[in-house]
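Please look over the protein shown here before reading on. The report is meant for a reader who has not met this structure before.

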Amino acid sequence: LDQAESIRLTPENKEIYARRKETVERGFGDAKEKCGMRWTTLSGRAKMSMQAMLTYAALNLKRLACWTWESPEPA
């Protein structure tokens, strides 16, 4: 654990970890806040798994739409 911690605290890895909040962690935060992933009314692992897969599929489609969207040219 000490060795892993020392590697994480190098300047290069600090920069990588700082970018996590903009990439990886943001998706989980959006799911929690905007898609109701803080709690569930479903019971059972299969139902919860289906809800999670549908939620993340929708978020991936949203991300894809944002990547391919071309803003209109100013008049």
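What follows describes the overall form of the chain, then its helices in order, and then some individual residues.

## Overall form

This is a predicted model, and the values given below are computed from it. The secondary structure of the protein comes to four helices and zero strands, so that, read from the N terminus on, its elements run α-α-α-α. The radius of gyration of the protein is 18 Å, well over the 11 Å that the globule rule gives for 75 residues, and the protein is therefore more spread out than a compact globule.

Taken along the principal axes, the box filled by the C-alpha atoms is roughly 55 × 40 × 15 Å. Of the 75 residues of the protein, 9% count as buried. As one example of separation, Ser6 and Glu73 stand 67 residues apart along the chain, and their C-alpha atoms are separated by 49 Å.

## The annotated region

In the UniProt record, an unreviewed entry, the annotation "domain: Transposase DDE" covers residues 3–65, although such annotations may be inferred rather than shown by experiment. Over residues 3–65 the chain of the model is 76% helix and 0% strand, with the C-alpha atoms at the two ends 41 Å apart.

## Helices H1 and H2

Helix H1 spans residues 2–8 and includes Ser6. With a relative accessible area of 44%, Ser6 is partly exposed, since this class lies between the 20% limit for buried residues and the 50% limit for exposed ones.

Helix H2, made up of residues 11–20, contains Asn13, which counts as buried at 19% relative accessibility, because the class of buried residues takes in values under 20%. If neighbours within four places in sequence are left aside, Asn13 is in contact with Ile7 and Arg8. Arg8 also takes part in another arrangement, in which its charged end sits over the ring of Tyr17, 5.9 Å from the centre of that ring. As for pairs of aromatic rings, a search of the whole structure finds zero.

## Helix H3 and its two faces

Which residues of helix H3 are buried? In this helix, which covers residues 24–34, they are Gly27, Asp30 and Ala31. Seen down the axis of H3, the buried residues fall within an arc of 100 degrees, so they line one face of the helix. A general point about helices helps to picture this: an α-helix has 3.6 residues a turn, so residues three or four places apart point the same way.

The face of H3 turned away from the buried side carries Arg26 and Glu33, which are exposed. On the other hand, the buried residues of H3 pack against helix H4, which runs over residues 45–68. Just after H3 comes Gly36, which takes a positive phi of about 70 degrees.

## Helix H4 and its contacts

Two residues of helix H4 can be taken in turn, beginning with Thr55, which lies in this helix. Thr55 is buried, with a relative accessible area of 11%. When neighbours within four places in sequence are left aside, the residues in contact with Thr55 are Ala31, Cys35 and Met37. Of these, Ala31 has already appeared as one of the buried residues of H3, and the buried residues of H3 pack against H4.

Arg63 is likewise found in helix H4, but its relative accessible area is 38% and Arg63 is partly exposed. How far from Gly27 is Arg63 in the model, as judged by their C-alpha atoms? The two residues are 36 residues apart along the chain, and their C-alpha atoms are separated by 9.7 Å.

Note on methods:
Residues are numbered from 1 along each chain as its sequence is written. This is a predicted model: local features need pLDDT of at least 70, side-chain atom pairs count only at pLDDT 80 or more; totals for chains, interfaces and linings use all residues. Side-chain values use heavy atoms; hydrogens and water are left out. Buried means under 20% relative accessible area, exposed over 50%, partly exposed in between (1.4 Å probe, protein chains only). The arc is that of the directions from the helix axis to the C-beta atoms. Contact means heavy atoms within 4.5 Å. Rings of Phe, Tyr and Trp (its six-membered ring) pair if their centres lie within 6.5 Å; planes under 30 degrees apart count as stacked, over 60 as edge-to-face and the rest as tilted. A charge sits over a ring if NZ of Lys or CZ of Arg is within 6 Å of the ring centre and within 35 degrees of the ring normal. The radius of gyration is taken over C-alpha atoms; the globule rule is 2.2 Å times the number of residues to the power 0.38.
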